[in-house]
Amino acid sequence: MENQYLEKYKAGDIIALKNLESEENADKFFFEDQIRDELYQRMKGKSFKKDCTVPREELRYLRVLHWGKEGPTVGEMVCHQSVSQSLLEIFRELFREKYPIERMRLIDDYDADDERSMADNNSSCFNFRRVPGKEKLSCHSLGIAVDINPFYNPYVRTGKEGKILCSPEGSEPYGDRESEFLYKIEEGDICVRAFANHGFQWGGNWTTCKDYQHFSTTGG
């Protein structure tokens with residue numbers, strides 16, 4: 001049966017609070033769908049590249065609500081079917097707690113360019129790509145890794161001669177985790193707890209580097 005909310009609302013739409021007066025009303029905005037032909041064409045050659053090893057049939061399209069700058073906002077995400085229900089529950093919890101997530105659009109809107117998506121502070125999941133500088137497939141290629149508010153929660157590592165490097169470009173001020181700022185993810189907060197309760201590991205707990213935006217069902 002066609003979900004009327006799939007066509008009625010688009011990612012980025014702001015939802016009036018009067019339409020969310022009850023939890024039941026809000027819950028209608030949280031659902032999963034298969035990768036329909038129209039969506040597949042949007043992904044093809046971008047997040048879903050011709051050498052993609054994950055069958056289209058194993059991916060799911062999620063619709064959720066998140067608290068953007070202007071209030072309740074429709075978000076979207078593609079993930080693997082093995083984590084789809086967990087992610088729906090996580091985003092329900094974060095929405096109930098009014099946890100701020102600035103933007104949640106498919107990475108295909110950025111031509112599957114991870115740097116562009118992160119620079120726009122866009123939260124995303126599936127993107128068939130390799131770990132930068134390596135041949136190893138990223139967990140995002142499997143649809144089991146999620147990046148939340150990535151510009152304010154950068155990937156941080158120590159480069160040559162001890163220089164601290166942050167990705168995406170421009171996120172260096174947020175590599176300092178002693179500072180306080182909007183969208184900051186930190187140990188023990190509602191975001192880390194919600195993902196941990198569903199078996200996701202946080203990149204902020206890595207030892208050789210830190211990926212503060214990153215949640216995955218595996219260690220990498």
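# Cysteines, charge pairs and a surface patch

With a relative accessibility of 0%, cysteine 79 counts as buried. The model to which these exercises refer is a predicted one.

**Exercise 1.** Work out how many disulfides the structure contains, starting from the sulfur atoms of cysteine 79 and cysteine 191.

*Solution.* A disulfide is a covalent bond that links the sulfur atoms of two cysteines. The first step is to recall the cut-off, which asks for a pair of cysteine sulfur atoms within 2.5 Å. Next, take cysteine 79, whose closest cysteine sulfur belongs to cysteine 125 and lies 5.4 Å away, which is too far for a bond. Then turn to cysteine 191, which is likewise buried at 0% relative accessibility; its closest cysteine sulfur, again in cysteine 125, is 13 Å away, too far for a bond. The count by this rule is zero disulfides.

**Exercise 2.** Describe the salt bridge between aspartate 37 and arginine 56, and find which parts of the chain the pair ties together.

*Solution.* Side chains that carry opposite charge can pair when their charged atoms come close. In this pair, the closest N and O atoms of aspartate 37 and arginine 56 are 2.6 Å apart. Aspartate 37 belongs to helix α3 (residues 37-43), whereas arginine 56 sits in the loop between α3 and β2 (59-68), so the salt bridge ties together parts that are 19 residues apart in sequence. As for accessibility, aspartate 37 is exposed, at 56%, while arginine 56 is partly exposed, at 22%.

**Exercise 3.** Which residues are joined into one network by salt bridges that share partners?

*Solution.* Begin with aspartate 109 and arginine 105, which form a salt bridge with their closest N and O atoms 3.3 Å apart. Both residues are partly exposed, aspartate 109 with a relative accessible area of 33% and arginine 105 with 29%. Following the shared partners then gives one network made of Arg42, Glu76, Arg105 and Asp109. In total, the structure holds 17 salt bridges, and another one of them joins the side chains of glutamate 7 and lysine 10 at 3.6 Å, N to O.

**Exercise 4.** Identify the residues of the negative surface patch, and explain how glutamate 115 satisfies the accessibility condition for patches.

*Solution.* The patch is formed by Asp113, Glu115, Glu169 and Glu172. Of these, glutamate 115 is found in helix α5, which covers residues 114-119. A patch residue needs over 30% relative accessible area, and glutamate 115, being partly exposed at 38%, therefore satisfies this condition.

Technical notes
Residues are numbered from 1 along each chain as its sequence is written. This is a predicted model: local features need pLDDT of at least 70, side-chain atom pairs count only at pLDDT 80 or more; totals for chains, interfaces and linings use all residues. Side-chain values use heavy atoms; hydrogens and water are left out. Patches are made of residues with over 30% relative accessible area and no salt bridge: like charges are joined within 9 Å, nonpolar side chains (Val, Leu, Ile, Met, Phe, Trp, Tyr) within 5 Å. Accessible areas come from the Shrake-Rupley method with a 1.4 Å probe; for residues, only the protein chains shown count as cover. A salt bridge is a side-chain nitrogen of Lys or Arg within 4 Å of a carboxyl oxygen of Asp or Glu. Lys and Arg count as positive and Asp and Glu as negative; His and the chain ends are not counted. The place of a charge is taken as NZ of Lys, CZ of Arg, CG of Asp or CD of Glu. Helices (H or I, at least four residues) and strands (E, at least two) are DSSP runs, numbered from the N terminus. Buried means under 20% relative accessible area, exposed over 50%, partly exposed in between (1.4 Å probe, protein chains only).
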